[in-house]
Structure formats: structure tokens, C-alpha cells
Amino acid sequence: MNADGQSKVVFDDPTEMIGRPDDRLLEYYNTQLMYFKDTAKGAGWPNETDRRTRFEIMLGAIGVGDARPLTLCDLGCGTAELLSFIKERGINGVRYVGVDRSADALEFARKKHPEAEFHQIDVLDPRAVLGKLEADYVIANGLFTVKADLSQEEMRCFWTKVVDKMWSLARRGIAFNLMSTIVDWERSDLFHVSMDEAARLLHGLAGRNVVLRADYGLYEFTAYAYKQQLASSPSASTSKSPATLGSVPVLQPSMPTKRALSRYLDRIDASHVYSNHGPLSLELAARLSERFSLQPHTLVCASSGTTALTSAILVAAGRANRARPLALVPSFTFPATALAAEQCGYDVELADIDEETWMLDPRCVRDRSDLGAIGIVIPVAPFGRPVPQEPWLAFRAQTGIPVVIDAAACFEAYCSSRSERPGLLLEALSFHATKSYSTGEGGAVISQDPALVLAAAQSITFGFRGERVCSAPGLNGKMSEYHAAVGLAELDGWNEKAGAFARVAEIYREEFHRVDLARFLIGPPDIASCYMLFRASSVPIAARLRDALDAAGIGHRAWYSLGLHSQPHFRRPHHSAFPVTSSLAGRLIGLPAGIHLSREDIRRVADVVASHA
Ligand SMILES: *Cc1c(COP(=O)(O)O)cnc(C)c1O
């Protein structure tokens, strides 16, 4: 026997889904059921008395003093006799969810308990959606006892995989029973496991919060594992401090692994090209423009979003001059927008945003009295909501004033066919690690006009035109081959990452719906997946909420601060008020985002927000 519980990856390959070993367990139970119908024998148990003892012990997982109501997920519920037992015993406050792979068993279960919730789901199917199975307690009664004709190794693999799933679905704890090895003989058709092995598996999940019970007179034991310290343990505290619950960071970026990068790093080693629009950076540009459904040569990679924006400004408007010294920037943005304009010699003039779109309104800009002094306008796509180009092209045509767009977080929007498209204006994207799609540090300039993109490429290469001849204002804003390698690996894994982001967004919607606050939540696909925003109904409520999140150890962020006018560097004596920005920024709270978030994390966020909103 393999004592360390390690097993061959029999279950990991999705192509093996067609013939998984535990399919034979399903067959076994279906055959039993066919012969013996809805009886103990039909469920593979020797007799009714023993079965009821097991129910009793299994329900012991739910402590007598446990807060009710609670949900109980019965994995491998069969004909749901456990629910009959719960009803007979008059145990109140338990919402039961039955799960089984067998349609035949569930047919019996549904007939007996039409009001209860049953799901025919294979929890090991990687495509299975398991959200509905989350419960306070997840138990498996007799799911790991019959081995049928599976090998010990196959059965061990099944057991450990399912227990992992149970643990991830349980809010408070799990329980299951196993055949003991402290018996006169081990039956070859049953799965006997030593208590040590079971304890080791559970300790790996639950630390010391594990109980093994073998006091009920059968050749088996029941194992319980809990997520929080047991109330009866001597060191258990009655109230949970935030520290024991663990903090939730506002954003934990997730980047391609070393392994995903290696094939691209090998190519760098072979080519000895490390920067200067090398093969990887060009390949990344081509693949990105394809992702965005753009023509070739409509995108050039840059070293950051800020350098991309700087070069776009230089191409569209050049450096500031005495006649037009001002760059018009929305008050609601990240400082990089304004800093890029300053790099090009402009004095930054702030303008308030539109209440609906959170963007500059071209009509308001056109009506400004200082229009004659404005050398460039930089609308910002807030949180990755793209800026419609048509009105700005019209603005440019009417006023002659150049426009470039800070589209920093628009990667996902431009992957989607449903949103606004990039047009003839220059736009800058950011691939910083905090953005949904990332190269670590990086960015890109895009436009449907290839001549402008070529000029931007020259601008981020010291203004070189041809061989090392500086013919235009420029900077070093090139993307290195190493960052391009990250970008290519990130693109390889993008569909998966996007799926993970979508699941997090879905859980957010469900959890905020549960606490009846979904209407205040602003998340993807409306904005980029690296953001999850809560719009409090007033500035004081938002302030209270921030305090509550702090106290609970939940990270939050004002992504665009309280407006650029609140940042010392951009404060001007002549500044009037920016009422829309001030009101919005005061109420908007950036909640934790990122694919690492568990339902438990998000539930905590929702609960804290709900108790203070
Ligand atoms: C992220 C971001 C930037 C800066 O991009 P970097 O790649 O970090 O230079 C600029 N503007 C906005 C609106 C951003 O969100």
C-alpha cells in the first residue's frame, strides 16, 4: 500500500473522462438498486439497522449547538434515505441538497422528497458547475466504502479527489466514513483505509480541526474535518478575529508561470535579441491586433501604458508650445494620464466628467472658454469602458485640436465584438500586472491608421526614423523581449484566465444578490475584470464601509483616488469644484478583484458590505 497517499494521476486527464475508474462504482450501485430497489441493500449496505447507525454518526458532524439554519450537502445521496431519517428525527433547520451521479437513484429520491433539492452532477467532471452544491456541511455517507473491482490505488485516487472537492464546497466542515484496517480481515470488495492515512489527508486540509470516530460498533470509522477551530478544543476562541479568518487582498495579480514562459525564453536564448522590436515583441503585436480583430500594423508594443500614452501624445500633437500650452485631462483618472502629458511639456488642465459615462463629454469640452489654449485632449476609458471615437473625431475636425485616448484597461473590451472599437485616433493600452491582461510592465499604442502606429513606434524608439537618425521628439518606450515573452504566454492562457475572471464576477453577482445589493455592484463585462466596484449611495456610507472593510481585513482601493484635483501635484489655486468626480469618487469603492478569490472570500466581502451599507 502506498502510505503517503500519493497516487498516479488517473483522474487528471480530461481525455480519460470517457472511461474513469469510478464509473464502475456507479455501475455497481445502479445494479444494486435495480435488484434491491430503495432498501439498505439497494444502496449497497448489509442491513437497515447499521445504515441508521451510520446516519446518526454522520449527522454528528453537525454539532448539537450548531447555529441553524444550515445547509447540508449529501454527496452520493442515492435515494436520499438520510433525508428521510432527518425528517423522522424531527431535526429542524437543515436545508438538504442531495447529489448523485445516478439518475435512477435520484428518481426514487425526488419521488419521496419532492420539496428537496437534488442535482445529478459528477463532481469530478472538470466541466461541472458546482456552485449549487456549496453548503455549510458536505458529507459523503458510504461513498468511499465499496471498492467493487477498482484497485486500491484507483479507489484512493477517487477518495482523495472527492474529499478535496468536498472541502472546497464546504463552508464549515465535511464528514465521511471509511472501512477500518483494524479488522480481522479486509474484504477485497471494500476500501479499507488506515486511520493514519485518513488523518494525514484531513490534516493537510484542516490542520488540527479533525475528529475520527470509531466508537459505534461497526468495522469502520467516520472522519470529520472543520474549517474553524472546534468549539470544544481547549484553545478555541469564541469570537473570530479578522486575523484568524485571513485577510483578502484588494488585488492579487496572477501571471504566467515559469513553465508557461520557458518556450519563449528558449527562443530569446537562441536569437540573442533582447529588445528593439525583436521577434517576440512583433509576434505579440501581431497576435494582439488579431485578438482585437484589427488589421496588421495597427498596434505597437511599449514598455508601459504611460510610455505608450506619451508617444501617442507626441505623435498626435507634438510637444507643448507657447500658443497651446494646455493638455485637457479628466479629473477622474489615474495620475499616469496627466503625467504623460506633462512629459510632453503640457500644463495639465482638469475637466469634470459626465455623470452617466464617467468620461469627458466632447460637447462640454467644445464649450470651454480656454479652448484656444488647449493643445491636446486626453479622454480616459474609465475602468476599461471604451471611449466612443466618433464624437471625438468630430470634435477634432471642428476644433483642429488633437485627441488621444487613454484606453489603459480596454484589453477585454477590445477582445469583445460587442463593444466600441478602436478607430483612427491613437489609443494607449496598459499591460501592467494590475490589469486583467498583463506582461508585468508593458503597454501598446493602437490605431486603425497604420501610419500613426509607425510614427508611435519611432517615437518610442528615440524618435529614430531609419537608421539611428533622431528626427522627431521621442523617448525609450520599447517593450523588451522578456516582457513580450510574458505577453505571449499570457495570451496562450488567456481563455482560461478569462473564464476564471468570469466565474469570480458571477459569484460576486450571486453573493451581492443574496444580500440584496447587486444593484450597487459594477463589474465585468461592463468594466475590466481587474476591477470590482461598489457604488455606495452616499459619501458618508462609503466612508463607513471603508472602515468596516479595514476592520475585517478586506482590501479596498480608490483606483482613481478622490480625483486628480485631490492629489497635491495636480492641485491648482484656480481650480473650481469638480462636483461629479468628487461625488462619484467619494462613493466608489474598489472591492477585491482577481482570479484567486474564493466564494468564501467574496461571501465575506458581501456580508461586511451588507452590514454597513
Ligand atoms: C493602469 C493605467 C495607466 C498606467 O499604465 P502603466 O502601464 O502602469 O504605465 C494609465 N491610465 C490609466 C487610466 C490606468 O488605469
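Biologist: What makes the approach of Gly305 to the ligand a polar contact?

Modeller: A backbone N or O atom of Gly305 lies 2.7 Å from an oxygen atom of the ligand. A polar contact is a pair of N or O atoms within 3.5 Å (within protein, one must be able to donate a hydrogen and the other to accept it, and residues adjacent in sequence count only if both atoms are side-chain atoms), so Gly305 qualifies. Keep in mind that this is a predicted model, where local features need pLDDT of at least 70 and side-chain atom pairs pLDDT 80 or more, while totals for chains, interfaces and linings use all residues. Residues are numbered from 1 along each chain as its sequence is written, and side-chain values use heavy atoms, without hydrogens and water.

Biologist: Which ligand atoms do the polar side-chain atoms of Asp406 and Ser430 approach?

Modeller: For Asp406 it's a nitrogen atom, 2.8 Å away; for Ser430 it's an oxygen atom, at 2.6 Å. On its own the ligand exposes 380 Å², and the protein buries 91% of that (Shrake-Rupley areas, 1.4 Å probe; for residues, only the protein chains shown count as cover).

Biologist: How many residues sit around the ligand, and what makes a residue near?

Modeller: There are 16, with Gly305, Thr306, Asp406, Ser430 and Lys435 coming nearest. Near asks for one heavy atom within 4 Å of the molecule or strand. Helix 10 (305–317) and helix 11 (336–343) each give the shell at least two residues. Helices here are DSSP runs of H or I with at least four residues, strands are runs of E with at least two, and both are numbered from the N terminus.

Biologist: How many strands are in the sheet with strand 9, and what makes strands pair?

Modeller: That open sheet has 3 strands, ordered 10-9-11, with parallel pairing. Strand 10 (347–351) and strand 11 (374–377) are the edges, each pairing on one side only. Neighbouring strands are turned by 35° on average, direction ignored; the axes are lines fitted to C-alpha atoms (for helices, over the stretch in contact), and angles run from 0 to 180 degrees between N-to-C directions. A pair needs at least two DSSP bridges; strand 9 (326–330) and strand 11 have 3, so they pair. Leu328 stands opposite Val377 in strand 11.

Biologist: Why do strand 3 and strand 6 count as edges in the sheet of 7 strands?

Modeller: The order there is 3-2-1-4-5-7-6, in an open sheet with mixed pairing. Strand 3 (117–120) and strand 6 (210–213) each have a single partner strand, so one side of each has no neighbour in the sheet. From one strand to the next, the twist averages 15°. Strand 2 (94–100) runs parallel to strand 3, joined by 4 bridges, and Val97 stands opposite Glu117.

Biologist: Why is the pair of Phe144 and Phe158 called edge-to-face?

Modeller: Phe, Tyr and Trp rings (for Trp the six-membered one) pair if their centres lie within 6.5 Å; planes under 30 degrees apart are stacked, over 60 edge-to-face, and the rest tilted. By this rule the count is 29 aromatic pairs. Phe144 and Phe158 are 6.0 Å apart centre to centre with 70° between planes, so edge-to-face it is. They are 14 residues apart, with Phe144 in the loop between strand 4 (135–140) and helix 5 (152–169), and Phe158 in helix 5.

Biologist: Where is Ala80, and what is its phi?

Modeller: Ala80 is in the loop between strand 1 (70–75) and helix 3 (81–88), and its phi is near 65°. Most residues other than glycine have a negative phi.
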